[in-house]
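Me: I would like to learn how to read the strand pairings and helix packings of a model, one feature at a time. Could we begin with the strands?

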Amino acid sequence: MAEGIKRRKIMNMADVIDSDDDDDEEEAGEVIESAPPLSVGQERVYNYTGLKKKLIHPGVGFQTPEFGDEPTVHYVGSLVDGTKFISTRDKGEPFTFKIGQGQICSGFDEGVLTMKKREIALFTLPPNLGFGDVGMEGVPPNSVIQFEVELISWITVVDVCKDGGIIKRVIKKGEQTGKPGDLDEVKVKYVVTLSDGVTIAESPEEGVEFYLKDGKQSLYVIIILLSHFCSALPKAIKTMTKGEKVDLNVQPQCDVVTSLPNVHSPVPPNSVLRVDLELLSFKTVIDITNDLKVVKKIVREGEGALTADEGSFVTIRYRAMLEDGTVYERKGYDGESSLNFITDEEQVITGLDRAVATMKKGEQAIVTINHEYGYGNEEVKCDLSVIPPFSSLIYEVEMIDFVKEKAAWEMDNHEKIEAATKKKEEGNVLFKNGKYRRAAKKYDKAVDYLNEEGQFGDDDKKVVKSLRVTCWLNGAACSLKLNDCKEAIKLCSMVLDAESYNVKALYRRAQAYMESYDLQLAELDIKKALEADPQNREVKSIQKTLRQLQAESKERDAKLYTNMFSRMAKDCSIGTKKPKLANTDKDKNDDVMEMELEKVVTTKGTRESEMVVDSC
């Protein structure tokens, strides 16, 4: 029955029909993709079940209970002739139950699943959704019955671990501002009790703070305590929103200690715990570099949705300190001027640069930077102190303001061409200085300004095409320097889509094919390049390199197959005389063949040709 209710819950609002006589186009059982809400006095039949619902008083909001939730209702049950057989109103107390357990009947559960808070509805249930051919006191077998139900409220119930280890009942809903993540710092209040009501631990009135990832730290008794019962407690907190209050039922998942420090009472083995938990607040923590070496904790949210991004002119103030709290630099405080710089231009250390690029105006954050994104193994003398080698750094940063680069959609065609040309020239400088990754980003940005080629006039189209081709070629050169053959092939192919006999694109794509050991495709590109420019020295040079690679490949193949066939012949000649030894030799032969094949795949002798970027 529970599975049936869950299945029908999915379609209970979409798969319904109106029972009005003038709705002739709809047939019984027809699925309607989007049913309008019921009006007061309107009745509707729910498909597949035969359940009818008539709205008496509308509810509030849009949410409805889910399977497993615990609603509180008033209800009156009667036969279709009006004979009443049960009523909570007569008793003066509402009824609380768990949806899916059939505490009244399956049709009652299904009806409540369709209701909103404070709604009153009349449900008509066929026998199969009521008390069937058995009936009950006051209800004859195979009776159609009716329930007038008022949904007072409900408690959301969540199986956090999906194994019954932690059951969460939502006592008070929180703010709709998102939930904490794995790295976030949370502040909670809690009271932990045993099933007999004995309190064994509680937080201070102001609550306690901890990082979800480090929840097992001994400073936080609740986490230690519950880690003995279910290691997934942080999962419960990650399902909560700010201000939410819940009641957790925690089952014993392993052997527990009988006493813990800073708790009121010892914990009996195999105890079930009840935890009254409130998420007071949390601070978002972001892994900027995806390796936990530059981490930003947001202390105060900024304004709006825009962040500084790359290339923005930013104004910040900050305090910079070592892990022991020693302040070595300060900007923007006590009358000092704030710091201005352009992001992604290497004007500050990499860790600070990348963190600031993610900040909003007015945002305050604490940024922790590993030495790899700081000053590395160097000793640096600063205004207030010395930074030892291999030091991790902490910045308390506030984004005062920033000005983003002008977006392409904000520019006219002349401005787009100017901006793209500037980015290309900046990329050329970076390439010559060996900063290939940053140079590639400049070329990509230049092409972004020129993406809509069709919007340019005839006089500009030739310039735009030349700029795009140049940036693609230079980007391919960066990719080859970075050993990213796949990206180099993609960029050269884009050039060749525009200019099928572009010699530089054929040359660089052939280089990429050779590096990835696709010699046949490299040969095709070289032949095509020499058709276009028979005297090109660079192409002739890599043609010689290609021929050497092809000769080496053929020689390896010949040796491989010679060894393979000779060993196969040897195996056949001794196979009937010494079967056991044959099996042993076969294993050895297989190992030798695998080694030979590996040599064929991994051996490369490509000589790197001189590479320059195009400045046109």
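Reply: Two strands are taken to pair if DSSP finds at least two bridges between them. Please keep in mind throughout that this is a predicted model. With that cut-off in hand, strand β21 (residues 364-369) and β24 qualify as a pair, since six bridges join the two strands, which run antiparallel. Within this pairing, Ile369 stands opposite Leu393 of β24.

Me: Which other strand pairs with β24, in what sense, and over how many bridges?

Reply: Strand β18 also pairs with β24 (residues 393-403), again in the antiparallel sense, and here DSSP gives 10 bridges. To fix the register, one can take Ile316, whose bridge partner in β24 is Met399. As a general point for reading such a sheet, side chains in a regular strand alternate between the two faces.

Me: How many bridges link β18 to β19, and how many residues lie between the two strands?

Reply: Strand β18 (residues 313-322) and strand β19 (residues 327-331) pair in the antiparallel sense over four bridges, and the two form a hairpin with four residues between them. The bridge partner of Met321 in β19 is Val327. In the turn, Gly325 has a positive phi of about 95°.

Me: Turning to the helices, how does the span of α9 compare with what is expected at 1.5 Å a residue?

Reply: The comparison sets the distance from the first C-alpha to the last against the expected value, and for helix α9 (residues 458-481), with its 24 residues, that distance is 36 Å, close to the expected 34 Å. After α9 comes Asn483, which has a positive phi, near 60°.

Me: At what angle do α9 and α10 pack, and which residues of the two helices meet?

Reply: The angle between α9 and α10 is about 160°, and their axes are 8 Å apart. An angle over 145 degrees counts as roughly antiparallel, and α9 and α10 are therefore roughly antiparallel to each other. Their crossing is left-handed. On the α9 side the residues that meet α10 are Lys465, Val469, Trp472, Leu473, Gly475, Ala476, Ser479 and Leu480, while α10 contributes Glu487, Ala488, Leu491, Cys492, Met494, Val495 and Ala498. Sorted by class, this contact has 11 nonpolar, two polar and two charged residues.

Me: How far apart are the axes of α10 and α11, and at what angle do these helices pack?

Reply: Helix α10 (residues 485-498) and α11 have their axes 9 Å apart and pack at an angle of about 155°, so that α10 is roughly antiparallel to α11. The crossing of α10 and α11 is left-handed. The contact involves, among others, Cys485, Ala488, Ile489 and Cys492 of α10, together with residues of α11 including Ala505, Leu506, Arg508 and Arg509. By class, the contact of α10 with α11 has 10 nonpolar, one polar and three charged residues.

Me: Is the crossing of α11 and α12 left-handed or right-handed, and how closely do their axes approach?

Reply: The axes of helix α11 (residues 503-515) and helix α12 (residues 519-532) come within 8 Å and cross at roughly 160°, which means that α11 is roughly antiparallel to α12. The crossing of α11 and α12 is left-handed. Among the residues making the contact are Val503, Leu506, Arg509 and Tyr513 of α11, and Leu519, Asp525, Ile526 and Lys528 of α12. By class, the contact of α11 with α12 has 11 nonpolar, no polar and three charged residues.

How values were computed
Residues are numbered from 1 along each chain as its sequence is written. This is a predicted model: local features need pLDDT of at least 70, side-chain atom pairs count only at pLDDT 80 or more; totals for chains, interfaces and linings use all residues. Side-chain values use heavy atoms; hydrogens and water are left out. Axes are lines fitted to C-alpha atoms, for helices over the stretch in contact, and angles run from 0 to 180 degrees between N-to-C directions. Angles under 35 degrees count as roughly parallel, over 145 as roughly antiparallel, 65 to 115 as roughly perpendicular and the rest as oblique. A crossing is left-handed if the near helix is turned anticlockwise from the far one by less than a right angle, and right-handed if clockwise. Contact means heavy atoms within 4.5 Å. Ala, Val, Leu, Ile, Met, Phe, Trp, Tyr, Cys and Pro count as nonpolar, Asp, Glu, Lys and Arg as charged, and the others, Gly among them, as polar. The expected span of a helix is 1.5 Å times one less than its number of residues.
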